[in-house]
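User: I'm new to this structure and would like a close look at just one part of it. Could you pick one chain and walk me through how charged side chains pair up there, how the chain is built and how it meets its partner?

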Amino acid sequence: MRKVIILIIVFTFQKNYSQELFVVTDPASNVPANSLAVNIMQSAFKEKFEPGYNYHFMPEVTYGINKNLMIRGSAFISTRSDALYAEGGGFMVKYRFLSEDDLNSHFRMAAFGRYSFNRADIHQEQIEILGHNTGFETGIIATKLIHKLAISSSLSFEKALDNKPNYPFPSSFGNNATNYTLSFGKLMYPKKYTSFKQTNINLMVEFVGQTINENGKSYVDVVPAIQFIFNSQARLDLAYRQELISSMLRSAPNGFYFNLYYTFFDLKN
Amino acid sequence: MKKINSIYIVLVSIVLIASTKATAQISKAEIRATGLTCSMCSNAINKQLKSLPEVVDVETDLNTNTFTVKLKEDNTLSPKVFKDRVEKAGFFIGTLILTTKLETIKQSTYVLINNVSNSSKEVKFQVMDKGYVTEREFKKLLKSLKNLATYASNNEDDYHIKIIN
């Protein structure tokens, strides 16, 4: 924990460029209008109660309808129950309703809603509609870019429904939760831009937490990440997620993320 | 039929010539975008600008987020096009400096907020309206231009400009 705090302090006071293209959370900014972003998200998390890792494969497509509105479709595939089992899919809408931009800085706010369906078994108290539960989530995001450091925070309500057809949500678990996130992002390289072709390297630290509203059971995780941006168009993320505190049942809290992200700019032309 | 076609072509040409004369003929636009520091964000703006058929070339300074856009001769673009493009990419205009022929700014759509005598054929000016300057700058301008009724009305069809050269 102390190391994490030191890391945040180091991040906050280094004067450099920054990024807000976070790995596990979304910023208040959207993808550009008429642009399509494809994200191949992969993760391997260590099983707590059995040997080995589970592998999740989540392809995502995001489209900017206009400057303020974007939509995203996701598919959830995992090896948790079988070799590459298609567990479900999801749909997300994000609307940016506030922008206060200045030279090299901005403050933005957005509201989002997400619905996912999933047919896998329910095996933990943690509610996660990205790849585990059927359910919906709605919330707000605020992102500040100041002195070339990006800080983003979100607050959301998430409710789990039955994983139809075979797995109703256990009545002994609380089925709705409050989620909260805090993310920091910083561009470490280059110090000075010379062209679009330059590879950018970003470092990020994200905190992701949840409290089950009914019983107060909670967790907080930290996700440090390194991100490479190639040709100002493609992105590669490597991240590790570590549980810091938890009072709820979770089957695989710790693991790795590996994301590949590509933006097709301005499709209408 | 052929005759009708040629009359039609002549008529269209006259209308086209007349309309190009009435509009901006911007030869160069220097745009400084706000709210970004990453090259991927700059690239979004770069691609939006390049997709305009009137654009010949876009030069980008990634450190200042300044885009120098060279445009085809006798285009009919208005300053609003640049604002729309930058905002489509998800950002805003901090400064917009345009280079046009001198007669352009004599049109009624342009309101001069400073008086500079200019004898050259080309004129360089900054657009000072809301959405073309930073929010902070706009608030300052609202105070200093409070005697100019058209400024506060934020009419999208007129542009308040400051001559630079």
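Analyst:
**A close look at chain B**

Counting over all chains gives 19 salt bridges, a salt bridge being a side-chain nitrogen of Lys or Arg within 4 Å of a carboxyl oxygen of Asp or Glu. Keep in mind that this is a predicted model, where local features need pLDDT of at least 70 and side-chain atom pairs count only at pLDDT 80 or more, while totals for chains, interfaces and linings use all residues. As for bookkeeping, residues are numbered from 1 along each chain as its sequence is written, chains are lettered from A and ligands numbered from 1 in the order in which they are written, and side-chain values use heavy atoms, with hydrogens and water left out.

Let's start with the charged pairs. Side chains of opposite charge can pair when their charged atoms come close. One such pair is Lys124(B) with Glu30(B), a salt bridge at 3.8 Å from N to O. Lys124(B) sits in strand E6 (residues 122–127) of chain B and Glu30(B) in strand E1 of chain B, so this salt bridge ties together parts 94 residues apart in sequence. (Strands are DSSP runs of E with at least two residues, helices are runs of H or I with at least four, and both are numbered from the N terminus.) How covered are the two partners, Lys124(B) and Glu30(B)? Lys124(B) is partly exposed because its relative accessibility is 27%, while Glu30(B), at 18%, counts as buried. Here buried means under 20% relative accessible area, exposed means over 50%, and partly exposed is in between, using a 1.4 Å probe and protein chains only.

Next up is Glu59(B), which forms a salt bridge with Lys70(B), the closest N and O atoms being 3.7 Å apart. This pair links distant parts of the chain, with Glu59(B) in strand E2 (residues 55–61) of chain B and Lys70(B) in strand E3 (residues 66–71) of chain B, 11 residues apart. Glu59(B) is partly exposed, having a relative accessible area of 47%, and Lys70(B) is partly exposed too, at 37%.

A further salt bridge joins Glu135(B) and Lys130(B), at 3.5 Å from N to O. Glu135(B) counts as partly exposed at 37% relative accessibility, and for Lys130(B) the value is also 37%, so that residue counts as partly exposed as well.

Now step back to the whole chain. Chain B has five helices and seven strands, and from the N terminus on they run α-β-α-β-β-α-β-β-β-α-α-β. The chain has 165 residues, and 47% of them are buried. Of its contacts (heavy atoms within 4.5 Å) with a separation of 6 or more, 68% are between residues 24 or more positions apart. The area that chain B exposes is about 8600 Å², with carbon and sulfur atoms supplying 57% of it; accessible areas come from the Shrake-Rupley method with a 1.4 Å probe, and for residues only the protein chains shown count as cover.

Helix H3(B) deserves a stop of its own. Seven of its 10 residues are buried, so H3(B) is largely enclosed by the rest of the structure. Among those buried residues are Pro79(B), Phe82(B), Lys83(B) and Glu87(B). After H3(B) comes Gly90(B), with a positive phi near 105 degrees.

Finally, how does chain B meet chain A? The contact takes 29 residues from chain B and 33 from chain A. About 2800 Å² is buried between the two chains, 53% of it from carbon and sulfur atoms; this buried area is the accessible area (1.4 Å probe) that two parts lose on being put together, summed over both. On the chain B side, Thr37(B), Met40(B) and Asn63(B) lose the most area to chain A, together 27% of what that side buries.

Two salt bridges are counted between chain B and chain A. Arg136(B) and Asp102(A) meet through their side chains in a salt bridge of 2.9 Å, N to O. There are also 13 residue pairs in polar contact between the two chains, with both residues at pLDDT 80 or more. A polar contact is a pair of N or O atoms within 3.5 Å; within protein, one must be able to donate a hydrogen and the other to accept it, and residues adjacent in sequence count only if both atoms are side-chain atoms. Strand E1 (26–34), helix H2 (39–50) and helix H3 (79–88) of chain B each supply at least two residues of the side that touches chain A. H2(B) gives the most to that side, with eight residues.
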